[in-house]
Amino acid sequence: MTTLSTGYQQGLAHQLNSIRLARVLTVLPRTQQHLFNIIPLLLSCHHQDLPGVINSKTPCGIEGFSLSDKIKNACAELSLAIPQDGALQHIDTDIAFDGVYAMGSTASFGQHFKSDVDVWVVYKPHLTQSELNLISHKNALLTQWFAGFDFEVNFYLVHPQQFIQSNAFDSNQSLGLEHSGTSQHWLLLEEFYRSHICLAGKTVAWWPNPHCDGNTRDPQLLYLGDIESLPAAEYFGASLWQLYKGLNKPHKALLKVLLLETYASEYPQTTLITQQIWQLCEQNNFNSDNDAYLLLYQRIEAYLLAQGDTSRLEIVRRCFYLKSGVMLSQAPGKSGTDWRLVKIAGLVKAWRWSPELIATLDNSPHWHAGQLKWFNQQLSELLLVSYKNLLQFASKQALSDRMRVEELGLLARKLHSYFSDDDHILQPLNRLWSISTTEKALTVRYCESTARFYLYRQPQSEIAASVTPSDLLKEVDDGLIIHQADNVCSLVAWSVMNGIATADTTWSQIGRGHRRASKLAYLSRKLMPVLHNVPMVSKRHLCEPWYYQKVVLVVNVDYDPTGQWQGQELMFDYIDLNILSFGRDKTNMLSSVAVVCLNSWGEWQSHRFDGDTALLEAISFVILGLKRSDDKVDLSIISCSAKLKQPIFNQLKSLLLRCYGLMKKVSQTNTLMHQVTIGEHRYGMYFNSLGMMYRKIDTAVKRDLVENLVLARPELVDDPYASVPSIIQQFVALGAKQYFLRERTNTLDVFIVDEHNRLTQLEYQQTTMKSFVEKESHSYVFDGQKQRLSVFNMPQFFQLLRVEGELTVIPFGLSNDEMGSAF
């Protein structure tokens, strides 16, 4: 009876698999069909005439693999050598893989024609780490080869016991660009079960109660684990992971986060989509209703309708439609053979969408910045709503004991800048499906009543000459205004960063003339090389205090004192004149300073300073963030002055480098001083280990008595930092809470530096560093008061260790191998 039952279940699984294999090919272009068909061949055979060759020691071979006519035809079409049968024959001990499986949106309603293909490669347990390294290298080469055909294929190595004995394999599954690390586990397996396609190898025993008893296991089946009872502790980590994935593909992440919210709402009586698919299989229903992505949408729809949440449901429907890539407004030839066409047309009719809305969605490859920003904002708001609902659910549970708190910190740090409501952060615009965001003309409007600048994607001639604040609000809602900020430099920088402004874009400002337009265009061109060439953000960057990698001082964007000057610029080349206190009237030739800066966490910010002390305020603002910068830091000056561009550049560059050098020299016990004359006043700039402050100096004191003075720290006696390791001062950073931990015998020293660099020192008895970090992280995630702080602004944890006698600071929990990887 058991054999018959297992055989029957296996037959249903084979039938669904065959249907999915046929469906996936109807959506792919002809070349990609052939590429998809040869995936198992490239893993089963290691041959010099095939891509991905490393050496003869690279493990290969898939259980039960043989050349099919589809694979032979694909090789012929792609001009690849068809291996001889001998190259495919392996003795049992040489076979490297139990099976190769596509998973995700492939062959479902969610398969866009540009969708990537995720492939799980389940390897034999006997393979060594060096052999796995060879396979990983080969897979990376294959991914590059497929990319040459504009076909994204990602490979993931999976141990057959990975989900059953999870903790034994965590060290091999580091959090990365494409791998969720320890943030999700059973939910990942459930997604695989509901969506996988067997390309070659063993049939996965994914149905309910697949006789996993050790005495009745079928050697022809692959048993990866039981998902009948998903642990509640995993929902929080999985939601964080999906939010992180949403930074690149928010429309896709929204559907998955809402599915988690739906699952959580039913807990502990959750019916999984995997179970629904199997029930349909048992009813012999293999039509389009039996589809993982369609069932996912229907579950979310039922949940949101029960909540009466029609606004979120409308965005979900648009995401589902756009994810499919089916374009109902276009000629039937484009998608006439698509197996999903009739079903999606029926859904859209039931949703009562207008032809205009369908056409707008089908035109998504050509959406402009206004449309993109509106849709991005909707997605972000909905993602945060789901996250907060899941957080409320998870607060009643424990954090998953599998999830490494250091990975929790990395994910939260990455999300912090994206979801931050800080007006000074320059947010990247996700292009979603749009091919280009470039605009031919951009127009700026300043509104005195709101004290803000507004950016339009139309030329000035198409915009009303005057508007009220309520009109501006409507234009924001209508997408006419694509960005707003408290200073014009932010508008220009945001436009350049997101590819909206190019060297050919025409700028203008309402109420201002040609000179203003030329200045904005000049600033735009000057910012392009700075904003477009950015360093990689690694895990090391995210688990350490931030520091500046690029700092740009932009001067005289608004009022420009040099425009009133009637002298000859050539005199500045021969006379050491001070542009901050120039001429008989001691005029300061700088009216404003804007700072555009990139920190090591990948955040771009823009700040503006006004008045005679604007330059001092700007330097004071950036100087602590330069203390930990390396010698690769990019310090730039952009002068938007009508005259004296070069003298202003030369003097400010010299001053900025001088300040940078002094900040690098200060220690815990001294203060370095530099003076500068601005207008009619002399100022002392005092640098210590916590930054720079400035104050006026009595002009009666001779310059050489105060210049470069080295002072003892006058506040040292009352300085809370005096009694803690001095190395901590090298790591402090404004805006981040930091814990520095030192283990002594039966005692844990804890030094806490808060967001304002205030210090607290505590001692804990009989407490390990690991347990302290886990407890504090859990408290920060779920404590009601702490949740009112900035979303995702998790604290950072560091160990104080002695290395070769020197006290050093090391990020908690991450190895050196992990920290260098991109994130």
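Visitor: What makes strand S21 largely enclosed by the rest of the structure?

Guide: In this predicted model, seven of the seven residues of strand S21 (residues 747-753) are buried, so S21 is largely enclosed. A residue counts as buried when its relative accessible area is under 20%.

Visitor: Which residues of S21 point one way, and which the other way?

Guide: Thr747, Asp749, Phe751 and Val753 point one way, while Leu748, Val750 and Ile752 point the other way. The residues on both sides are all buried.

Visitor: How do you know that S20 and S21 pair?

Guide: Two strands pair if there are at least two bridges between them. Strand S20 (residues 738-744) and S21 are joined by seven bridges and run antiparallel, so they meet that cut-off. One of the partnerships sets glutamate 743 against leucine 748 in S21.

Visitor: And what joins S21 to S22?

Guide: S21 pairs with strand S22 (residues 759-765) over seven bridges, again in the antiparallel sense. Leucine 748 takes part here too, with tyrosine 764 in S22 as its bridge partner.

Visitor: Which residues take a positive phi in these two hairpins?

Guide: In the hairpin of S20 and S21, with two residues between the strands, asparagine 746 has a positive phi near 60 degrees. The hairpin of S21 and S22 has five residues between the strands, and there asparagine 757 has a positive phi near 65 degrees.

Visitor: Let's turn to another strand. What makes S9 mostly covered?

Guide: Five of the five residues in strand S9 (residues 452-456) are buried. Arg452, Tyr454 and Tyr456 face one way from the strand, Phe453 and Leu455 face the other way, and all are buried.

Visitor: In what order do the strands lie in the sheet that holds S9?

Guide: The order is S10-S9-S8-S11, in an open sheet of four strands with mixed pairing. The twist from one strand to the next averages 20 degrees.

Visitor: Why is the pairing in this sheet called mixed?

Guide: Look at the neighbours in turn. Strand S8 (residues 441-447) and S9 pair in the antiparallel sense over five bridges. S9 and strand S10 (residues 481-485) are also antiparallel, over four bridges. S8 and S11, however, pair in the parallel sense over four bridges. The sheet's pairing is thus described as mixed.

Visitor: Which residues stand opposite each other in these pairs?

Guide: Cysteine 447 has arginine 452 in S9 as its bridge partner. Phenylalanine 453 stands opposite alanine 485 in S10, and valine 444 stands opposite glutamine 509 in S11.

Visitor: Which helix lies across S8, S9 and S10?

Guide: That is helix H18 (residues 469-477), which runs at about 125 degrees to S10.

Visitor: Now for a single residue. Why does serine 592 count as buried?

Guide: The cut-off for buried is under 20% relative accessible area. Serine 592 has 4% relative accessibility, so this residue counts as buried. Among the residues it touches, leaving out those up to four places away in sequence, are Val554, Asn556, Phe609, Asp610 and Ala614.

Visitor: Where does serine 592 sit, and what stands opposite?

Guide: Serine 592 belongs to strand S13, and aspartate 610 in S14 stands opposite. Strands S13 (residues 592-599) and S14 pair in the antiparallel sense over seven bridges.

Visitor: Which strands form the sheet with S13?

Guide: This is an open sheet of four strands, ordered S14-S13-S12-S15, with mixed pairing. Strand S14 (604-610) and strand S15 (634-639) are called edge strands because each pairs on one side only. Helix H22 (residues 614-627) lies across S12, S13, S14 and S15, at about 175 degrees to S12. Helix H23 (residues 645-665) packs on the sheet as well, touching S12 and S15.

Visitor: One last stop. Why is H2 called oblique to H4?

Guide: The axes of helix H2 (residues 30-37) and helix H4 (residues 69-77) come within 8 Å and cross at roughly 125 degrees. That angle lies over the 115 that ends the roughly perpendicular range but is not over 145, where roughly antiparallel begins, so it falls among the rest, called oblique. H2 is therefore oblique to H4.

Visitor: Which residues make the contact?

Guide: Arg30, His34 and Asn37 of H2 meet Lys70, Ile71, Ala74 and Glu77 of H4. They divide into two nonpolar, two polar and three charged residues.

Conventions:
Residues numbered from 1 in each chain as written. Predicted model: local features only at pLDDT ≥ 70, side-chain atom pairs only at ≥ 80, totals over all residues. Heavy atoms only, no water. Contact = heavy atoms within 4.5 Å. Axes fitted to C-alpha atoms, helices over the stretch in contact; angles between N-to-C directions. Buried < 20%, exposed > 50% of the residue type's maximum accessible area, 1.4 Å probe, protein only. Parallel < 35°, antiparallel > 145°, perpendicular 65-115°, else oblique. Nonpolar A, V, L, I, M, F, W, Y, C, P; charged D, E, K, R; others polar.
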